[in-house]
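Hello,

Here is the structure I promised to pass on to you. Please open it beside this email, and I will walk you through what turned up.

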Amino acid sequence: GPVLNDVLMGLVHTDMPLQNILIAVKKREALVELLGVQRVNDYTVPTKSLLLNTFMFLRLQSCTALVHAVEELLLSTKGDDLSELKSRQDAGNPQSMHRLLFQEITDRALRERILDHFLSEAQ
């Protein structure tokens, strides 16, 4: 819950970015599964944004667990939180939501599920 959010957000202000930690961990897929799937409902929007940026930096297609984690992060975010997350991703960020959806995610069915979720949450 709040402790994990604080730890993840604290990593932003350390000398070792989260992506370096994930690269260094031998069991990267297990860590991605924990951070991006199992604990997904515990995060604030800023933490979800940090994780999305990190997962994109690591090249989604290099790891099936990364793609699954992005799917869980996005589909678990609803209402105003989803609007805030999309805004955070697009606010001068090279890891924009558009890039995520139309360049990084190559699975058409997955892209459609995410876009359908965005549409249903907008109504």
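To begin: which residues have the most contacts inside the largest nonpolar core? They are Phe55, Leu74 and Leu100, and the core they belong to has 28 residues. Two or more residues of this core come from each of α3, α4, α5, α6 (79–90), α7 (97–104) and α8 (108–122). Helix α5 gives the largest share, with seven residues. Please keep in mind throughout that this is a predicted model.

**The chain as a whole**

The protein chain holds eight helices and zero strands, so its elements, read from the N terminus, run α-α-α-α-α-α-α-α. It has 123 residues, and 43% of them count as buried. About 6700 Å² of the chain is exposed, with carbon and sulfur atoms supplying 53% of that area. If you take the contacts between residues at least 6 apart in sequence, 66% of them join residues at least 24 apart.

**Helix α4**

Helix α4 covers residues 45–57. Its 13 residues should span 18 Å at 1.5 Å a residue, and the end C-alpha atoms are indeed 18 Å apart, so the two values agree. Of those 13 residues, 10 are buried, which means the helix is largely enclosed by the rest of the structure. The buried ones are Val45, Thr47, Lys48, Ser49, Leu50, Leu51, Leu52, Thr54, Phe55 and Met56. You will notice that Phe55 is also among the residues with the most contacts inside the core.

Thr54 deserves a look of its own. With a relative accessible area of 1%, Thr54 is buried, and its side chain reaches the backbone oxygen of Leu50 at 2.9 Å. Just after the helix, Arg59 takes a positive phi of about 70°.

**Helix α5 and its contacts with α3**

Helix α5 runs over residues 64–75, 12 in number, and reaches 17 Å from its first C-alpha to its last, close to the 16 Å expected at 1.5 Å a residue. Buried in α5 are Ala65, Leu66, Val67, Ala69, Val70, Glu71, Leu73 and Leu74.

Two residues of α3 show where this helix and α5 meet in space. One of them is Gly36, which lies in α3 and is buried at a relative accessible area of 0%. What does Gly36 contact, leaving aside its neighbours within four places in sequence? The answer is Phe55, Ala69, Glu72 and Leu73. For Gly36 and Ala69, the C-alpha atoms are 4.3 Å apart in space, although 33 residues separate the two in sequence.

The other is Glu33, also placed in α3 (residues 28–38). Unlike the buried Gly36, Glu33 is partly exposed, with a relative accessible area of 29%. Its C-alpha is 6.3 Å from that of Ala65, which is 32 residues away along the chain. Not counting residues up to four places away in sequence, Glu33 touches Gln38 and His68.

**Salt bridges**

How many salt bridges does the count come to? There are four, including the three that follow.

- Asp42 and Arg39: the side chains meet at 2.6 Å, N to O. Asp42 is partly exposed at 31% relative accessibility, and Arg39 is partly exposed as well, with a relative accessible area of 27%.
- Arg88 and Glu84: the N to O distance is 3.2 Å. Because they are four residues apart in helix α6, about one helical turn separates them. Arg88 counts as partly exposed at 37% relative accessibility, and so does Glu84 at 34%.
- Glu104 and Arg99: the closest N and O atoms are 2.8 Å apart. Here Glu104 is buried, with a relative accessible area of 10%.

If you would like a place to start, turn to Gly36 and follow its contacts to Phe55, Ala69, Glu72 and Leu73. From Phe55 you can then move on to Leu74 and Leu100, which share with it the most contacts inside the core.

Enjoy exploring it, and best wishes!

Definitions and conventions
Residues are numbered from 1 along each chain as its sequence is written. This is a predicted model: local features need pLDDT of at least 70, side-chain atom pairs count only at pLDDT 80 or more; totals for chains, interfaces and linings use all residues. Side-chain values use heavy atoms; hydrogens and water are left out. Buried means under 20% relative accessible area, exposed over 50%, partly exposed in between (1.4 Å probe, protein chains only). A polar contact is a pair of N or O atoms within 3.5 Å; within protein, one must be able to donate a hydrogen and the other to accept it, and residues adjacent in sequence count only if both atoms are side-chain atoms. The expected span of a helix is 1.5 Å times one less than its number of residues. Contact means heavy atoms within 4.5 Å. Accessible areas come from the Shrake-Rupley method with a 1.4 Å probe; for residues, only the protein chains shown count as cover. A nonpolar core is a set of buried Ala, Val, Leu, Ile, Met, Phe, Trp, Tyr and Cys residues joined through side-chain atoms within 4.5 Å.
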